[in-house]
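Student: I should like to work through a protein model by question and answer. Please give the cut-off behind each term when it arises.

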Amino acid sequence: MKVREIEAKVLLAHVPQPDTYFGLRYNMNLYRGCQHRCIYCDSRSACYGIDGFDTEILVKVNALELLRKELARKRVKGVIGLGSMNDPFMPIEREWNLTGQALVMIAEFGFPVHIITKSDLVLKDLDTLRAISRTYASISFTLTTVDDTLAAKVEPLAPRPSARLAAMRVLADHGIQTGVTLMPVLPFIEDNEENITAVVEQAAAAGARYILPWMGMSLRDRQREYFYQQLEHLFPGLRQRYELTYGERYSCAVPHASRLYHFCETLCQQHGIVTRLPLYASPQPEQLRLL
Ligand code: SF4
């Protein structure tokens with residue numbers, strides 16, 4: 001993949017509505033494009049305007065300079081989200097370490113973070129994450145399956161689920177809140193009780209505190225077209241089934257979604273796992289006075 005350096009104008013984007021799901025106040029992307037190339041990735045959608053999503057990575061070379069200025073100006077220490085449009089720990093991070101350096105800065109300014117990743121590379125920043133978690137840090141590993149062979153098809157260049165689970169274990173053992181974003185669940189591929197059971201059981205064994213399920217996927221414009229091309233190649237016959245079931249629909253719940261949600265929730269309860277993210281609670285005035 002080609003790497004291109006760009007200058008960003010702004011780094012921290014405000015999350016306009018109160019986000020009751022991840023509790024985010026700000027969103028941050030240090031790169032554009034993603035090297036993991038998951039076949040279902042929504043970031044390919046035309047609305048995000050990332051042309052060449054599968055061919056080049058843009059590196060925001062002035063990101064750290066911007067971040068320092070923006071953090072210094074923020075009056076509200078809300079949760080900063082990483083990982084919405086790309087994986088902050090994709091391979092290029094080894095070379096550039098933008099995420100690592102940004103986290104050090106976030107720790108310095110005392111902001112809370114929520115990270116979504118598919119990579120065990122997150123462990124390179126273990127010490128920084130431990131420092132941030134004194135305020136609040138939550139690391140969500142996306143697992144759509146724990147079958148490494150299936151993951152190699154649907155998430156071809158991401159670290160395998162077994163590596164993600166091993167990283168989760170390390171974070172949990174160091175007292176860092178971690179869990180699973182079980183999303184998407186691909187219709188006719190991953191929407192079965194065996195898959196959900198395996199994810200919940202292995203996540204529980206790896207120290208997951210929460211699992212956030214979404215029994216379905218989104219499909220639109222060029223992202224749909226890319227996904228369907230991959231289906232033709234990887235799962236012959238499935239494209240037609242998708243087209244018949246979902247047509248032009250954007251939000252595509254798996255068949256029997258409610259039953260599968262209930263199944264997942266019951267299983268999580270049995271393993272002592274919650275299905276809502278334990279959110280950051282900002283310090284109350286009394287606590288602030290004592291600090
Ligand atoms: S890791 Fe996330 S952002 Fe990257 S390709 Fe996969 S789904 Fe898209």
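Student: What span should helix α7 have, and what separation do its end C-alpha atoms show?

Tutor: In this predicted model, local features need pLDDT of at least 70, side-chain atom pairs count only at pLDDT 80 or more, and totals for chains, interfaces and linings use all residues. Residues are numbered from 1 along each chain as its sequence is written. Helices (H or I, at least four residues) and strands (E, at least two) are DSSP runs numbered from the N terminus, and the expected span of a helix is 1.5 Å times one less than its number of residues. For the 13 residues of α7 (residues 193–205) the expected span is therefore 18 Å, and the end C-alpha atoms agree with it, being apart by 18 Å.

Student: Which residues of α7 are buried?

Tutor: A residue is buried if 20 or more other C-beta atoms lie within 10 Å of its own, exposed if 12 or fewer, and partly exposed in between, with C-beta atoms placed from the backbone. The buried residues of α7 are Asn195, Ile196, Val199, Val200 and Ala203. Seen down the axis of α7, these buried residues fall within an arc of 125° (the arc of the directions from the helix axis to the C-beta atoms), so they line one face of the helix. The residues asked for are thus Asn195, Ile196, Val199, Val200 and Ala203.

Student: Against which elements do the buried residues of α7 pack?

Tutor: The face turned away from the buried side of α7 carries exposed Glu194 and Ala205. Packing rests on contacts, in which two C-beta atoms, placed from the backbone, lie within 7 Å. The partners of the buried residues are β9 (177–182), β10 (210–213) and α10 (257–270).

Student: Where does the cis peptide bond between Met183 and Pro184 have its omega?

Tutor: Pro184 belongs to the loop between β9 and α7. The bond that joins Met183 to Pro184 is cis, with omega at about -5°.

Student: Which residue follows α7 with a positive phi?

Tutor: The phi in question is near 95°. The residue that follows α7 is Gly207.

Student: Is His256 buried, exposed or partly exposed?

Tutor: His256 is not a glycine, yet its phi is positive, near 60°. His256 sits in the loop between β12 (251–253) and α10. Because it has 14 C-beta neighbours inside 10 Å, His256 counts as partly exposed.

Student: Which residues of helix α1 (residues 63–73) are buried?

Tutor: The buried residues of α1 pack against β5 (56–60) and α3 (98–109). The face turned away from the buried side carries exposed Lys69, Ala72 and Arg73. The buried residues of α1 are Ala63, Leu67 and Leu71.

Student: How do the residues of the shell around the ligand divide by character?

Tutor: The ligand is surrounded by Cys34, His36, Arg37, Cys38, Cys41, Ser43, Asn86, Asp87, Lys118 and Ala158, a residue being near if its C-beta atom, placed from the backbone, lies within 6 Å. Ala, Val, Leu, Ile, Met, Phe, Trp, Tyr, Cys and Pro count as nonpolar, Asp, Glu, Lys and Arg as charged, and the others, Gly among them, as polar. The shell divides into four nonpolar, three polar and three charged.

Student: What radius of gyration does the protein chain have?

Tutor: The radius is taken over C-alpha atoms, and the globule rule is 2.2 Å times the number of residues to the power 0.38. With 291 residues, a compact globule would come near 19 Å, which agrees with the chain's value of 19 Å.
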